[in-house]
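Trainee: Mind if I grill you on the labels people put on this model? I'd like to hear the reasoning behind each one.

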Amino acid sequence: MDGWVDEHLLQPTLRSPELLDLALASPDLRTRRTVHESALHAGLLSDERPASIAVHDHDDVIRTRFGHLLLDRGDPRYVLHLLDGGAPKVRVRALQLLGVETARERLAESSSLVRSMAQALVLRSGGDPAAYYRDALRSGAVTRATVAGLGQTGTPDDVDLLRAQFADDRPRVRVAAVRGLRRLLANPSDPRAALYGREPLADPSPGVVREAAALLDGRLGQADLPLLLDLADASHPLHVRRGALTLLRGLSRWSRLATDLGLLSVPGEPLADAARRDLDEWRQDGSSAFTRPSPDLAARIGELLAELEPQLGPAVTGELRNRAQV
């Protein structure tokens with residue numbers, strides 16, 4: 001905002017307590033941010049009001065601005081207040097100010113940003129955050145934060161403890177468990193990723209299936225084809241099918257082509273539009289020029305192209321036949 005307009009028009013208007021209250025509560029986000037800044041610079045906010053704004057305002061930008069302002073003032077009264085209710089970045093800074101003892105108490109924070117800072121502070125002091133999470137899970141204190149925390153700080157030896165949380169009835173806990181396995185089993189030579197990642201592929205939660213598919217990405221082979229074909233069947237929920245189809249496409253470029261063509265061949269298939277978009281992307285990628293499909297896959301692709309020629313048109317069908325040599 002122009003400084004003259006702010007000083008000579010907006011600030012005088014905001015000197016009315018009634019108008020100030022209305023302006024600070026404006027439903028228009030840009031207006032509210034402008035009013036907060038103007039009122040702040042003009043000294044129109046009481047000593048306690050910034051603390052209330054930093055905790056209770058609905059806009060994260062405003063809460064962050066006022067939270068940092070309070071911490072900059074160095075008043076210790078507000079640090080714990082902001083740790084409990086400030087915007088995430090402000091809470092992280094407040095935790096740093098309070099130190100390692102408070103950090104140990106905040107290892108199970110629901111905010112991943114605050115939890116990560118707590119872990120870092122404990123590590124710097126020579127502590128072991130993973131030990132805290134192991135004890136919590138073994139004692140039955142299973143939350144999304146304790147499961148995620150072990151995934152963030154644990155070792156491959158903690159895989160079984162995380163895998164045990166696949167049976168939890170809370171989807172967010174199961175998501176955290178599978179995501180944690182992605183980190184602990186990041187070594188591509190560890191066979192447990194493919195072994196354990198298959199189990200949650202049929203989970204009722206879409207988030208769990210997405211994490212399982214990400215865990216298995218690049219780790220499956222032709223031996224997994226029957227499982228993936230079964231999960232991709234129309235008898236399964238859409239999110240399960242999507243996860244299986246993602247992995248089928250990842251087996252090889254030719255498996256990807258056959259998968260997309262198979263979906264396009266089914267009348268009324270809800271995933272047909274996504275298959276057509278993926279097929280268009282496949283055609284733009286020329287890497288298939290250096291490989292050929294297996295005989296079985298080539299036969300399947302040939303059958304599907306013959307069936308789909310009226311739908312795809314002779315030009316596209318001819319291009320795909322030529323590339324697959326079928």
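**Labels and the reasons for them**

Mentor: Sure, let's start with helix 20, where A298, I301, L304, L305, L308 and L312 are buried. Keep in mind that this is a predicted model.

Trainee: What covers the buried residues of helix 20?

Mentor: The cover includes helix 18 (253–264), helix 19 (272–284) and helix 21 (314–324).

Trainee: And L297, which is found in helix 20: why is L297 called partly exposed?

Mentor: Its relative accessible area is 23%. Buried means under 20% and exposed means over 50%, so L297, at 23%, ends up partly exposed.

Trainee: What does L297 touch, not counting residues up to four places away in sequence?

Mentor: S252, W254, S255 and A258. A contact calls for heavy atoms within 4.5 Å. G140 is another story: L297 and G140 sit 49 Å apart in space, C-alpha to C-alpha, and 157 residues apart in sequence.

Trainee: Then there's R134 in helix 10 (residues 129–138). Why does R134 count as buried?

Mentor: Same recipe, really. The cut-off for buried is under 20% relative accessible area, and R134 has 16% relative accessibility, so R134 counts as buried. R134 touches D128, L150, G154, T155, D158 and L161, leaving out residues up to four places away in sequence.

Trainee: Back to helix 20 (residues 295–312): where does the kink lie?

Mentor: At A306, shortly before the proline P310. The kink is about 40°, and that value is the angle between axes fitted to the seven residues ending at a residue and the seven starting there. After helix 20 comes G313, whose phi is positive, near 95°.

Trainee: Zooming out, how do you know that the protein chain departs from the value for a compact globule?

Mentor: Set the two numbers side by side: a compact globule of 326 residues would have a radius of gyration near 20 Å, but the protein chain has 28 Å. Along its principal axes, the C-alpha trace spans about 80 × 55 × 35 Å.

Trainee: How many helices and strands does the protein chain have?

Mentor: There are 21 helices and zero strands. Buried residues make up 48% of the 326 residues. Among contacts with a separation of 6 or more, 53% are between residues 24 or more positions apart.

Trainee: What about the charges, how many positive and negative side chains are there?

Mentor: The protein chain has 42 positive and 45 negative side chains, and the centres of the two sets lie 2 Å apart.

Note on methods
Residues are numbered from 1 along each chain as its sequence is written. This is a predicted model: local features need pLDDT of at least 70, side-chain atom pairs count only at pLDDT 80 or more; totals for chains, interfaces and linings use all residues. Side-chain values use heavy atoms; hydrogens and water are left out. Helices (H or I, at least four residues) and strands (E, at least two) are DSSP runs, numbered from the N terminus. The radius of gyration is taken over C-alpha atoms; the globule rule is 2.2 Å times the number of residues to the power 0.38. Buried means under 20% relative accessible area, exposed over 50%, partly exposed in between (1.4 Å probe, protein chains only). Lys and Arg count as positive and Asp and Glu as negative; His and the chain ends are not counted. The place of a charge is taken as NZ of Lys, CZ of Arg, CG of Asp or CD of Glu.
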